Amino acid sequence: MSTTTAEQITPSKESIETRLFINGEFQPATDGKTFKLINPFTREPVAEVHEANEQDVDKAVAAAKAAFPAWRDLAPDARGAYLSKLAALIRQNIPELARLESISMGKPVSHYIDGTLAADTFDYFAQTGWQAQGTTSLNTPGHLNLSLRQPYGVVGAIIPWNVPLALFSFKIAPALAAGNTVVLKSSEKAPLTSAFTAKLIAEAGFPPGVVNIISGFGTPSGSALASHMEVRCLSFTGSSATGQKVQVAAAKSNMKVVHMELGGKSPAIIFDDADIEAAAAKTQFGIQFMSGQTCVANSRIYVQESVADKFIAAFKKLFGAAVIGNPLDPTTTHGPQADNIQYERVKSYLEIGEKDGKLTMGGDGGNGFIKPTVFENVPDDSRLMKEEVFGPVVVINTFKTEEEAIARANDSDFGLYASVFTKDIDRAVRLSKLLEAGTVGVNCTSPTIVKDMPFGGYKMSGLGREGLLSGLDSYLETKTVLISTSS
């Protein structure tokens with residue numbers, strides 16, 4: 001493990017923006033309250049972050065509401081010009097964004113994809129405002145009828161800590177392109193890139209109030225945003241448990257439209273005719289990527305009995321080769337868990353796994369690190385098989401028949417991502433239909449996501465879809481206009 005000192009990787013606290021960004025200005029929380037952000041590698045504080053309360057949410061929503069009419073009435077290319085400027089500024093600052101993410105939640109800079117994804121997303125939606133199109137009809141005698149696609153008004157967005165800038169862009173870019181204004185709450189575990197991007201928004205010249213960015217906890221700021229009567233649409237990414245609370249708050253307030261991308265417990269099925277080496281390489285990366293802290297991680301692997309020994313040996317060889325250490329070191333591929341809460345949570349699942357199954361690799365690495373960990377022979381009713389761990393912990397079980405594999409893969413409350421490895425195209429098509437997941441990978445697995453396909457979940461993994469071709473529609477309402485042409 002790397003031995004870089006705290007002094008080498010911790011910047012001065014004064015150099016980091018941590019205030020709220022409301023109505024085009026950086027400002028402290030109304031009550032002056034802050035919280036400490038701890039570097040999960042050094043275990044030292046890196047910043048005092050301003051903690052928004054209900055009054056701050058009210059201010060941000062009021063600013064967004066006031067800015068909405070003028071922003072809505074801009075031509076799509078005029079709105080798009082701001083998004084293009086922001087995309088260029090993000091690209092110029094990717095190294096700094098990667099550094100901020102690393103010191104916030106321990107993501108290795110070698111795995112930092114957020115900056116490029118965000119810039120590409122803002123660039124795409126800079127051109128899409130013209131696609132907010134309705135329909136027309138002359139089918140009713142004496143009428144010209146049409147439908148309009150119009151923005152909601154104020155959109156709320158709540159993002160998680162694992163890929164914050166990517167999700168920042170997936171929500172803000174289409175919402176703005178559609179003509180809405182936005183209030184976004186960052187995660188308390190990873191607020192720094194959102195605050196830094198607020199500086200870029202100001203530099204790009206966005207009109208005050210069009211984008212407002214606040215930091216804080218689920219309570220009070222997140223719950224205040226979810227229940228706010230002036231927020232007409234809310235997009236949330238996070239755990240299924242929190243998603244349920246968000247949906248209740250939305251329903252009890254003003255029945256705001258809610259779309260959510262939630263948790264996962266993604267299965268991968270390896271058949272005996274698969275390319276075993278390729279399957280091992282892809283599935284081990286799917287659970288090791290970002291130290292297992294992704295909703296799409298293939299944390300359940302089912303391998304056909306006849307090739308189990310070969311697959312497991314190849315998987316462990318690659319999985320165990322992860323370079324554990326300082327996430328700012330470009331050679332590191334495996335960082336610490338995001339914070340001590342997450343570290344202790346994953347450790348609790350290690351205990352469950354040792355009780356219910358067989359630990360054959362890895363375990364607790366100490367000081368916030370979880371080693372790449374493999375359990376085998378874990379029963380399907382174990383909590384380790386049912387609940388999202390959000391760490392580099394995988395269960396590898398065996399199966400005999402295709403029917404058995406499908407049934408066990410679908411035996412979950414989640415349905416975000418599933419994958420199948422086989423050379424049999426008929427089998428691949430069958431499983432693509434039968435696996436209960438929003439995305440099914442054939443001979444590929446997470447984190448593979450393509451930009452022009454919808455992304456979201458079945459069952460408790462979410463509502464609605466995100467993606468380049470799906471995003472704009474999520475932030476537009478449909479209005480029908482009936483025009484009588486009879487005298």
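This report describes an annotated residue and a seven-stranded sheet in a predicted model.

## The annotated residue Glu261

The UniProt record, an unreviewed entry, places the feature "active site" at Glu261. Glu261 belongs to strand E11, which covers residues 257-261.

With a relative accessible area of 6%, Glu261 is buried, because buried means under 20% relative accessible area. Leaving aside residues up to four places away in sequence, Glu261 is in contact with Phe236, Thr237, Gly238, Cys295, Leu416, Phe455, Ser461 and Glu466.

## The seven-stranded sheet

Strands of a sheet pair through backbone hydrogen bonds, in either the parallel or the antiparallel sense. In this model, an open sheet of 7 strands shows mixed pairing and runs in the order E14-E15-E16-E13-E12-E18-E19. Its edges are formed by strand E14 (358-366) and strand E19 (439-442), each of which pairs on one side only. On average, neighbouring strands of the sheet are turned by 15° against each other, direction ignored.

## Strand pairing and helix packing

Within this sheet, strand E12 (residues 267-270) pairs with strand E18 (residues 417-421) in the parallel sense, over 3 bridges. Ala268 has Ser419 of E18 as its bridge partner.

Helix H10, spanning residues 276-288, packs on the sheet. The strands that H10 touches are E12, E13 (300-304), E16 (393-399) and E18. The direction of H10 makes about 170° with that of E12. Helix H10 thus touches both E12 and E18, the two strands that pair in the parallel sense.

Note on methods:
Residues are numbered from 1 along each chain as its sequence is written. This is a predicted model: local features need pLDDT of at least 70, side-chain atom pairs count only at pLDDT 80 or more; totals for chains, interfaces and linings use all residues. Side-chain values use heavy atoms; hydrogens and water are left out. UniProt positions are given in the numbering used here, feature names are shortened, and annotations may be inferred rather than shown by experiment. Helices (H or I, at least four residues) and strands (E, at least two) are DSSP runs, numbered from the N terminus. Buried means under 20% relative accessible area, exposed over 50%, partly exposed in between (1.4 Å probe, protein chains only). Contact means heavy atoms within 4.5 Å. Two strands pair if DSSP finds at least two bridges between them. Axes are lines fitted to C-alpha atoms, for helices over the stretch in contact, and angles run from 0 to 180 degrees between N-to-C directions.
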